[in-house]
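Reader: I like to see how the labels on a model are earned. Could you take me through some of them, one at a time?

Author: Gladly; here is the structure we will talk about.

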Amino acid sequence: MQTERERETAAAVRQTTLSLAQSLAALLRPGCEMWSLRDTMMLLGIWVLVACGQRTTQAPPQWEKVAVRLSGYPRKHNEGRVEVRYEGEWGTICDDDFKLENAVVLCRMMGFTTATGWTHSAKYGKGAGRVWLDNLDCRGTEKDVSQCKSLGWGQTDCTHEEDAGVVCKDERIPGFVDSNVISVQSEQIEEVRLRPAVPNAKRRLPVTEGFVEVKYKGHWEKICDNGWNHRNSRVICGMLGFPAERKTNKKFYKMVSERRQSTYRVHSVACAGTEAHFSLCQFELVKGNGTARCQGGMPAAVSCVPGPLFSKGRKQMKQPELSVRLKAGARVGEGRVEILKDNEWGTVCDDRWNVLSASVVCRELGFGSAKEALTGARMGKGIGPIYLNEVMCNGFEKSIWDCAAKNFTEDNCKHTEDAATRCNVPYMGFETTIRISGGRTGFEGRVEVLTTVANGTQQWGLVCGDSWGTLEAMVVCRQLGIGYANHGVQETWYWDADTGAKEMVLSGVKCTGNEMTLSQCQNHGHNVKCKKTGTRFAAGVICSETSSDLILDARLVQQTAYLEDRPLHMLYCAAEENCLSSSAQNANWPYGHRRLLRFSSEIHNIGRADFRPKAGRHSWVWHECHGHYHSMDIFTHYDILTLNGSKVAEGHKASFCLEDSDCGDNVAKRYECANFGEQGITVGCWDSYRHDIDCQWIDITDVKPGNYILQVVINPNHEVSESDFTNNAMKCNCKYDGHRIWMHNCHIGDAFSEEAERKFEKYPGQLNNLIP
């Protein structure tokens, strides 16, 4: 079906062709009578098609809606090979004459705000099926790729070696219709805010009460409260990051509004209360530039209930354990959805996962409604059971467990389909008190904080790099809203020092990694103590949109554990690499033996970025005895602990060789140590250490019979960034009678509820590797 403009263009082309043909025929006829008008028109038509490159604007019959998706490997969630579905069949797009405007249209079709680039020559792997589009030519403003020019559907001379890909900006269109985000009509409401009744009064963030204002075409205006009810307030509060609403003092707001002249953009609001965005409600929008009066009413006012994290003056008390949590998110209020059943944490399958169900999770956790319902393990893969499938909430449930759902079966869901969410959170202005400068991109730089000096004025200053690390960088990246921490840098001499602050104003910063702002971490306060105060020694960060996440296969440890009495003459290499207990130094070498608790281990990367050693290969240490490079001095801690937490034996293992021993389906190995290759663990792969290799043990020669806990911690010093450090520890109960050892109940440290953990042991656990 052609548009009016296309029909006019086609008619003009036909008329021009006819005129040219008549002229050409008149010129040819005197000397060549065989040329008829029809012959001339056919020849000229062929010439026109060749000259125009045979480009047409064919559209699918009746404008069939075309589906678009990203595919291929390796890739991030916002990039990949472009695949389109036409006439029920998925195919690809040829890279001939491909351009950024094409990528913009395709990315917007998938719910991203725009495109940042495109790729050619099947960078994300060759697709399958047909090559649906060739010589695609979009202006960048089309709403559907069907509206772009091309050679026509299925008309191509390309192979899948020329499949095009796109890189979309990792920012979603507010309210995009994709079963995972919010549906918002254009030309409606852009944003919502609460404006306090007394605007000049000193107040703390977040703003929980005030007149409701909506942003329309760049202007803020009010809503008429005629017919306003608590369901409308619930939607507004949810958008602003609050889980619930409460009654307002209407007499006060009416008195305030009578003193002012208000303009209104919205009338007759009727929300169901389950909407995740105000634009989903039914309302009357004042047309044009005029704003109507609110007959018999006043501006709508709303009061919201903040969640525990954002309550003013809240007491620092332990919150009761919930049956749902968010894991591996870079920002507050986002992460993989995990739910608790029978004292064990598991995940939710993303089949039919949408904003309505995600909003139930967000409100239960003390946030507002959901901004996005993420599918396809966008926050990394979980571990353990998958409890729920095809969750269908109505929006008013108190918990996700109250929603309708189907029982999970292994045939229809895997951890590659784990559901996640991004929740609306209250605006706190955290990003206004911190910044980074001097870096090469917006994701890196020297950390600067805003402080108040003696005369009451505020100034920007630097943070001392002493003891600065990954955990502190995690907090900075979170506060700035720019993703995960890639590195916490103690020296920043290689970044531009000509701009930004010059004076150290903060030192002794020590974070747990869970804080929302750097000011919540421990520090020296106004008494700055820094060993090196030059600008080059200021703390810096490198942030990233993705991060790795390592876990240990706990069942494999339990299944493979055994004891071995190994002769000392076979342990020289191990002693050289400090893999034995300290008492081995006093042994009668080479006579005698050491008793070793041995087990196999597999370290899986379930995150969204490869795990790479922090140190470059130029600083790796070569160990001649075992014939390998150490890219990390300590990669794993092995400890035997008493039930009250005292350490009785310890072991540690350097990264003998970080490599991809094996990978999951459709994942290719990237790292191999042979021939001094690169070290790392690819997403979806794991590094295996067999029980029979050196240092894959704990020296328990001096341990007396009894009941103990085996604790294994990966990446214990947080040298390499991960999206989730809470799952790096594994624990087992073990019973040792002096001759045999029994291992049972091995599990990742945060796989069980707090109640189950208390039954398992008598102490909260520890991460250091020092025997007291």
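Reader: Why is K647 called buried?

Author: This is a predicted model, and in it K647 has a relative accessible area of 5%. Buried means under 20%, so K647 qualifies.

Reader: What makes D639 and K647 a salt bridge?

Author: Their side chains meet at 3.5 Å, N to O. The limit is 4 Å between a side-chain nitrogen of Lys or Arg and a carboxyl oxygen of Asp or Glu, so the pair counts. D639 is buried too, because its relative accessibility is 1%.

Reader: Which residues are joined into one network by salt bridges that share partners?

Author: They are R325, K327, R336, E338, D724 and D750. Within that list, the side chains of R336 and E338 meet at 3.1 Å, N to O. R336 is buried because its relative accessible area is 2%, and E338 is buried because its value is 5%. Across the whole structure, a search finds 32 salt bridges.

Reader: What makes the salt bridge between E564 and R598 a link between distant parts of the chain?

Author: E564 sits in strand 28 and R598 in strand 29, 34 residues apart. Their side chains meet at 2.5 Å, N to O. At 2% relative accessibility, R598 counts as buried.

Reader: How do you know whether R265 is buried or exposed?

Author: Its relative accessibility is 4%, and buried means under 20%, so R265 is buried. R265 belongs to strand 11, and its side chain makes a polar contact of 2.9 Å with the side chain of E221.

Reader: Why is helix 6 described as largely enclosed by the rest of the structure?

Author: Nine of its ten residues are buried, so the description fits helix 6 (residues 355–364). Among the buried ones are V355, C362, R363 and E364. At the start of the helix, a side-chain oxygen of N354 comes within 3.2 Å of the backbone nitrogen of L356. G366, which follows helix 6, has a positive phi, near 95 degrees.

Reader: Why is V198 called partly exposed?

Author: Partly exposed lies between the buried cut-off of 20% and the exposed cut-off of 50%. V198 has a relative accessible area of 47%, so it belongs there. Together with F252 and M255, V198 forms a nonpolar surface patch with about 240 Å² of accessible area.

Reader: Which residues have the most contacts inside the largest nonpolar core?

Author: They are F635, I640, L710 and M730, in a core of 35 residues. Strand 33 and helix 8 are among the elements that each supply at least two of its residues.

Methods: Residues are numbered from 1 along each chain as its sequence is written. This is a predicted model: local features need pLDDT of at least 70, side-chain atom pairs count only at pLDDT 80 or more; totals for chains, interfaces and linings use all residues. Side-chain values use heavy atoms; hydrogens and water are left out. Patches are made of residues with over 30% relative accessible area and no salt bridge: like charges are joined within 9 Å, nonpolar side chains (Val, Leu, Ile, Met, Phe, Trp, Tyr) within 5 Å. Accessible areas come from the Shrake-Rupley method with a 1.4 Å probe; for residues, only the protein chains shown count as cover. Buried means under 20% relative accessible area, exposed over 50%, partly exposed in between (1.4 Å probe, protein chains only). Helices (H or I, at least four residues) and strands (E, at least two) are DSSP runs, numbered from the N terminus. A polar contact is a pair of N or O atoms within 3.5 Å; within protein, one must be able to donate a hydrogen and the other to accept it, and residues adjacent in sequence count only if both atoms are side-chain atoms. A nonpolar core is a set of buried Ala, Val, Leu, Ile, Met, Phe, Trp, Tyr and Cys residues joined through side-chain atoms within 4.5 Å.
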